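Work through the exercises below with the sequence and the structure open. Try each task before reading its solution.

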Amino acid sequence: MSEAGDPSALWHDGWYRPARALPSPNFGPRPVGAQIDLVVLHSISLPPGEYGGDAVQQLFTNQLDWEAHPYFQTIRGIEVSAHFYVRRDGALWQFVSCDARAWHAGASSWRGRDNCNDDSIGIELEGLEGLLFEDAQYATLADLCPHLAQQYPIAFVAGHEHIAPGRKEDPGPGFDWARLRNELGWEAARFPPPTAQR
Ligand SMILES: [Zn+2]
């Protein structure tokens, strides 16, 4: 059976086999009965705008040397994570089982529900809000999202900027929502309204 025809071959306890796994301690249980129906897209790079290093992986595993760069001291001590991280070359990393609650969204609200960490899957794109993303990153999203939707009742995709407006701006105006929607072939109602897309 092909991978596409047997989703169970792609998943193990919420871990997506095609991703490179690097377990983070920054997670907790989801509320009982959580409907995991939202994908939240983020952007991150450490230091901001510098790509290709391993500081993000270090941050998500509480291994970052806060003294290694002046910017790191502005985020000293934070404990965060995401389920996935998509490098500029499209390489996919996973830090938290999708069955668990990763710490990526903070105070947030979407589709009438607060605390989006409870019932969402967080995907960080290596990048900087306001700048463009790579073809390879869209390709990885276009591959990952349908597999997520096979395993979880994914109904919506939104950016951190949409679920925490005024507080967060990622992934920002450089992210092409129409492109993602077209590549996934999902209806527009599953995405932020065009007025919220920039
Ligand atoms: Zn974010």
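The exercises concern backbone geometry at a few loop residues.

This is a predicted model, in which local features need pLDDT of at least 70, side-chain atom pairs count only at pLDDT 80 or more, and totals for chains, interfaces and linings use all residues. Residues are numbered from 1 along each chain as its sequence is written, and side-chain values use heavy atoms, with hydrogens and water left out.

**Exercise 1.** Determine whether the peptide bond joining leucine 46 and proline 47 is cis or trans, and locate proline 47.

Solution. Step one: omega is about -15°, and the bond is cis. Step two: proline 47 sits in the loop between β5 (38–44) and α1 (55–60). Helices (H or I, at least four residues) and strands (E, at least two) are DSSP runs, numbered from the N terminus.

**Exercise 2.** Do the same for the bond from aspartate 170 to proline 171.

Solution. Step one: omega is near 0°, and this bond is cis. Step two: the loop between α3 (160–163) and α4 (177–184) holds proline 171.

**Exercise 3.** What is the sign of phi at arginine 111, and is the residue buried, partly exposed or exposed?

Solution. Step one: phi is near 40°, a positive value in a residue other than glycine. Step two: arginine 111 belongs to the loop between β9 (109–110) and β10 (113–114). Step three: its relative accessible area is 21%, so arginine 111 is partly exposed. Buried means under 20% relative accessible area, exposed over 50%, and partly exposed in between (1.4 Å probe, protein chains only).

**Exercise 4.** Repeat the analysis for asparagine 115.

Solution. Step one: asparagine 115, a residue other than glycine, has a positive phi near 50°. Step two: the loop between β10 and β11 (120–126) contains asparagine 115. Step three: with a relative accessible area of 41%, asparagine 115 is partly exposed.
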